[in-house]
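Subject: Handing over the model, with notes on what was found

Dear colleague,

Please find below the structure I promised to pass on. My notes follow it, and I would be glad if you read them alongside the coordinates.

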Amino acid sequence: MELFNSLFQDTTALLEKGRPTVWKYEPSNCWKELDNSELVLQKDAAFELGASGKGSANYVLYTSSPELVPEDQVLLYGPDLKDIHGDCDFARIVLLRVGVLDSDDEKVYRTLKDIEFAKYHVNLEGYMIRMSPESYREQVRVSKQAARKGISFRQVGNSYIKAYKKDENVLNATVIFVTAPGFDYAAMKETAKKANDVTGTLTHILEGLPTDCSVCSLKGICDEVEGMKELHFGVGAKGSDKH
């Protein structure tokens, strides 16, 4: 079940204009983690990534293909944290190769939700994350102290990969940060919405949707995402495809 593969293609197209800095995953080179999220007040902040008025997007894509996510790595399109001196655009995109995608559909959904929650357990010193699931944005306030200590996306990315790989179903993880101007952050945000719609549609399918497509509220996502329609009719009540 490769429901997210078209979104991998969309993401590749969105990033093709840039040349990233690439680091292989180093579990020993993570930024300092805290037990709980640190509150960084505005007066103590060096800058904010994805601040109000700036482009911002955040999403996770899943696949079982080793070609799409061949290894654990961190990619950066744009300046690193040490080279940022003011509020800027920001996107964080996570690509995961997950072994469970060939399993039972209900197990797939539950596993994806468990993996998704890993992002809420990354609490880094001087790196305060504010996520808005409804708007598909992520804003990060970086403290002056963390900036002075030399916080980097390489270390932050390693921390995220380490968190995701605590789940045995995650085989490979690539964390992508985008800070450069000129990228289409609005299109990234739209891709984030589609990724969320795919996961959300799995919920409804497993709960049992009507198979009359003329009255189904999820017709759009079924039409757009390859494999979703087949999953719908395989899990839900049997009926004719009226799309």
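Which are the buried residues of α4? They are F153, Q155, V156, G157, N158, S159, Y160, I161, A163 and Y164, where buried means under 20% relative accessible area, exposed means over 50% and partly exposed lies in between, computed with a 1.4 Å probe and protein chains only. Helix α4 is thus mostly covered, with 10 of its 12 residues buried.

Before going further, I should say how the values were obtained. This is a predicted model, in which local features need pLDDT of at least 70 and side-chain atom pairs count only at pLDDT 80 or more, whereas totals for chains, interfaces and linings use all residues. Residues are numbered from 1 along each chain as its sequence is written, and side-chain values use heavy atoms, with hydrogens and water left out.

Overall picture

The protein chain has seven helices and eight strands, taken as DSSP runs (H or I of at least four residues for helices, E of at least two for strands) and numbered from the N terminus. Buried residues make up 51% of its 243 residues, and the accessible surface comes to about 11,600 Å², of which 46% belongs to carbon and sulfur atoms; the areas come from the Shrake-Rupley method with a 1.4 Å probe, and for residues only the protein chains shown count as cover. Among contacts (heavy atoms within 4.5 Å) with a separation of 6 or more, 84% are between residues 24 or more positions apart.

The five-stranded sheet

Five strands form an open sheet in the order β1-β4-β8-β5-β3, with mixed pairing, two strands being counted as paired if DSSP finds at least two bridges between them. Strands β1 and β3 (56-63) stand at the edges with a single partner strand each, so one side of each is left without a neighbour in the sheet. The twist averages 15° from one strand to the next.

Strand β8 (residues 170-178) has eight of its nine residues buried, so it is largely enclosed by the rest of the structure. It pairs with β4 (residues 73-77) in the parallel sense over five bridges, and with β5 in the antiparallel sense over eight bridges. I176 in β8 is a useful landmark for following the strands, since L75 stands opposite I176, and I93 also stands opposite I176. Eight further bridges join β3 to β5, which run parallel, and the bridge partner of S56 in β5 is F90.

Two helices are described against this sheet. Helix α1 (residues 5-15) lies across β3, β4, β5 and β8, running at about 135° to β3, while α4 packs on the sheet, touching β1, β3, β4, β5 and β8, with its direction making about 150° with that of β8. These angles run from 0 to 180 degrees between N-to-C directions, with axes fitted as lines to C-alpha atoms, for helices over the stretch in contact. At 1.5 Å a residue, the 12 residues of α4 (residues 153-164) should span 16 Å, and the end C-alpha atoms are 16 Å apart, which agrees; the expected span is 1.5 Å times one less than the number of residues.

At the β1 edge, T21 is found in strand β1 (residues 21-24) and is partly exposed, with a relative accessible area of 36%. Not counting residues up to four places away in sequence, T21 touches V74, L75 and L76. T21 and Y77 are 56 residues apart in sequence and 6.6 Å apart in space, C-alpha to C-alpha.

The three-stranded sheet

A second group, an open sheet of three strands, has the order β2-β7-β6 with antiparallel pairing. Six bridges join β6 (residues 127-132) to β7 (residues 137-143), and Y127 stands opposite V142 in β7. These two strands form a hairpin with four residues between them, and Y136 in the turn has a positive phi of about 60°. On the other pairing, four bridges join β2 to β7, with R141 in β7 as the bridge partner of E48.

The nonpolar core

The largest nonpolar core has 63 residues, of which L49, L81, L96, Y127 and M188 touch the most other members. Its largest share, seven residues, comes from strand β5 (residues 90-98). A nonpolar core here is a set of buried Ala, Val, Leu, Ile, Met, Phe, Trp, Tyr and Cys residues joined through side-chain atoms within 4.5 Å. Not counting residues up to four places away in sequence, M188 touches L14, L15, A57, Y59, A91, I93, V178 and F183.

With best wishes
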